[in-house]
Amino acid sequence: MRKAPRTALALGSGAVAAALILSGCAPGANEGGGGGPVSQDEIDKAMTTPTKLTFWTWVPDIENEVKLFEEKYPAIDVKVENVGQGLAHYQKLRSAIEAGEGGPDVAQIEYQYIPSFVLPESLLDLTPYGADDLSGDFVDWAWNQVSPADEVWAIPQDVGPMGNLYREDLLTQAGITEPPATWDDYATAAKAVKDSTGAYISNLGATQAGQMIGFFWQAGVKPFGYDGKETVTIDVNSDEAKQVADYWTGLIQQDLISTDVDFNDEWYQGLASGKYAGWLTAAWGPIFLQGTAEGTSGLWRAAPLPQWEAGQDVSGNWGGSSDAVLADSKNPIAAYELAKFINDDEESAMKLATEQFLFPPQVSVLEDPAFVDQESEFYGGQQVNKLFSEISETVDTDFQWLPFMDYVYSSYEETMGTVIAAKGDISGALDTWQDQLVKYAKDQGFTVK
Amino acid sequence: MSHSPALTAERLSATPPPTHRTSTSRRKQNLAAYLFILPFFVVFIAMLIVPLVYSGYLSLFESKLIGGDVFAGLTNYVRALQDSAFLASLGRMGLFFIIQVPIMLGLALFLALALDSRRARGSKGVRLLVFMPYAVPAVVATLMWGYLYGSDFGPIAQIARAVGFGTPDFLSPANILGSMMNIVTWEFVGYNMIIMYAALRSIPGELYEAAEIDGAGQFRIAWSVKIPAIRPAILLTVIFSIIGTFQLFAEPSLLNVIAPDAITNSFTPNYYAYNLAFINQELNYAAAIAFLLGVFIAIVSYIVQLSTQQRERRERGTA
């Protein structure tokens, strides 16, 4: 009798302990795919076993960085394939995933499309492979893009914190000697520039969702949310978003901002010919512009985005990519090491920044004088990289996407693009956009919050 | 008209009780015939019938990002018939057909008759020149026209400005349909012309002699002899144009790059189906749309064919 309670207690605590062990183990076993964190031995073995990897990316000349990887790991043979850029790339990627074969081990994925591959469980969670340890190597907001919760879905490759590129000569001609600090200043400057030079201070690409979402990002608007499972938050017509929309509607209706479709010949010519006196763009913009408007070298300058409140210092992001490992990869360890090496190895990351001119999320590059102290002739000797490195610090860290951004963008074109092109009321278009997105999400079975 | 020798032989062999020899040779012939068409049927079934049946099967399901595939019966079809975007795209193409096809075929017929009259000099060169756009891939053609249409730096706009007409905006939402009609006309006039011209060349010369003896001039010959004689060829080009119009894809898809504000996702039915499948990820609904489009094209083609046949019959009756 005396013994009984003890045994019961012992049994009970034993059961609890067992339960704890079981519950502690189970998630690890699930996440790892092969059981728990991957050990150094397993990594060494994988990296010395002859392996063939396929890498889908549209970064030009990435073979140079891949070569560094292959020099470090001679057993691994990487085949780089460019299957198209953006949508074409994703369509092929989805088809390959659906078919269960022919897909790559590592694929380039822009940040906003990561959730659409997380949803069907197409990406490998990289935490068991040690990806968590890399979080300090990248700027916070970029890391949050690839790891919104506990899992790490990809390794950041490049980013596009937003700034203001402008023609100093045209602004000076209009009597503006300092880049506009606030959006109010920007509106005043727009009028002065238009009156004295006939140029638009900048162009708002009618169908360019990326740019508008970047402005939302800067204004602290949180239009999208996704819990990684079945619940999405859609709030593109919030009051803050409408404030941004009304600002642009005003400028457009006064004919101070043009709404030409961007990234086509007309628009390139507009940048080169001084039709636009500026371009509100991302950190990849400066180099892009240099190639587009060669004839105006030395006339351009870079500045941070105008702010909504004087004294504020915030920015948004437009564009950028990461490299993810597909869940179907037969060689997940080697694939992870490739994605990691390309973006985390200092030499490789530096090459990406200085040879392919991808704007880096890697802290090591952002702090390297060889990168930030570069002076650019096109921008009158300005240290453009340094400026954008500083801007990168000011990007809001908490911005999410929906798991169906293809549809979001195409719906933007339909609802917002047509209204912006027709110089209509952008706020009203936000409502239509919101309705379309909510309807689509519900039709697709999501819970909409 | 006399029977062809083959037909006569068959008739003869059919009346008397078939002898052993002819029946084996016929069997051999049949076997050979089947063997000859076998490769075609294999490819036809594998590449056309099977995918068609499969997409018909697909169209009966509903696939969601959350929840996966569910059998849905005819839900997709019901939805399509109520889908204003789909119906509007059909209407847009109907308008396209009514305006663009008569212009294109009229132009093609005029050119074919002009070449056939042999009065025009350098007809070979002209024939090649008119036909050339057809050899240019639609992708290249659309990109080229996109440049020509450009409002700031396009040559047409520059000339218009120099002359003082202001800047025509070919790529605005209001004008894009017309601009596309122009591209398609440019592309396919030559193709249709060649079909008509070939038909014209096969008209026996005696008919012209007879008409000339009756005192008909060139215009009268063209109107009363040539055009009626090539009516089947013209009907063929009409049917091809119906199919071509309702299946327009490359042009809107490429113009969308240049003028995304003017080309909606559902600008043409085919382009809509593509966007549904690859952007909205509604593959099953896209299959239903594609199926309905096919049925729609078949019906329109059949109506056109039927009405011309009836007209022909009526004319024969009165003649």
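Start by selecting strand 3 (residues 106-110) of chain A: five of its five residues are buried, so the strand is largely enclosed by the rest of the structure. Buried here means that 20 or more other C-beta atoms lie within 10 Å of the residue's own; with 12 or fewer a residue is exposed, in between it is partly exposed, and C-beta atoms are placed from the backbone. Strands are DSSP runs of E with at least two residues, helices are runs of H or I with at least four, and both are numbered from the N terminus.

The model is predicted: local features need pLDDT of at least 70, side-chain atom pairs count only at pLDDT 80 or more, and totals for chains, interfaces and linings use all residues. Residues are numbered from 1 along each chain as its sequence is written, while chains are lettered from A and ligands numbered from 1 in the order in which they are written.

Stay on strand 3 of chain A and show its side chains. Val106(A), Gln108(A) and Glu110(A) lie on one side, Ala107(A) and Ile109(A) on the other, and all are buried, which leaves both faces covered. Next, add the neighbouring strands; two strands pair if DSSP finds at least two bridges between them. Strand 1 (residues 51-56) of chain A runs parallel to strand 3 of chain A, with two bridges, and Phe55(A) is opposite Val106(A). Strand 9 of chain A pairs with strand 3 of chain A in the antiparallel sense through five bridges. There, Ala107(A) faces Ala324(A).

Now colour chain A by domain. The bounds, from an automatic or database domain assignment, give domain 1 as 18-159 + 319-372 and domain 2 as 160-317 + 398-448. The centres of the two domains, taken over C-alpha atoms, are 30 Å apart. Their contact takes 16 residues from domain 1 of chain A and 18 residues from domain 2 of chain A, where two residues are in contact if their C-beta atoms, placed from the backbone, lie within 7 Å. On the domain 1 side, select helix 5 (114-118) and strand 9 (317-325) of chain A, the elements that give two or more residues. Helix 5 of chain A gives the most, with three residues. By class, that side has 11 nonpolar, five polar and no charged residues. Nonpolar covers Ala, Val, Leu, Ile, Met, Phe, Trp, Tyr, Cys and Pro; charged covers Asp, Glu, Lys and Arg; the others, Gly among them, are polar.

Move to strand 6 (residues 231-234) of chain A. Which of its side chains are buried? Val232(A) and Ile234(A) point to one face and are buried, whereas Thr231(A) and Thr233(A) point to the other and are not. Strand 5 (residues 224-226) of chain A runs antiparallel to strand 6 of chain A and is joined to it by three bridges; Gly225(A) has Thr233(A) as its bridge partner. Four residues lie between the strands of this hairpin, in which Gly228(A) has a positive phi near 85°. Strand 10 (residues 447-448) of chain A pairs with strand 6 of chain A in the parallel sense over two bridges, placing Val232(A) opposite Val448(A).

Finally, show chain B as well. The contact between the chains takes 21 residues from chain B and 24 residues from chain A. In chain B, select helix 12 (250-258) and helix 13 (269-278), each of which supplies at least two residues of the side that touches chain A. That side divides into 11 nonpolar, seven polar and three charged residues.
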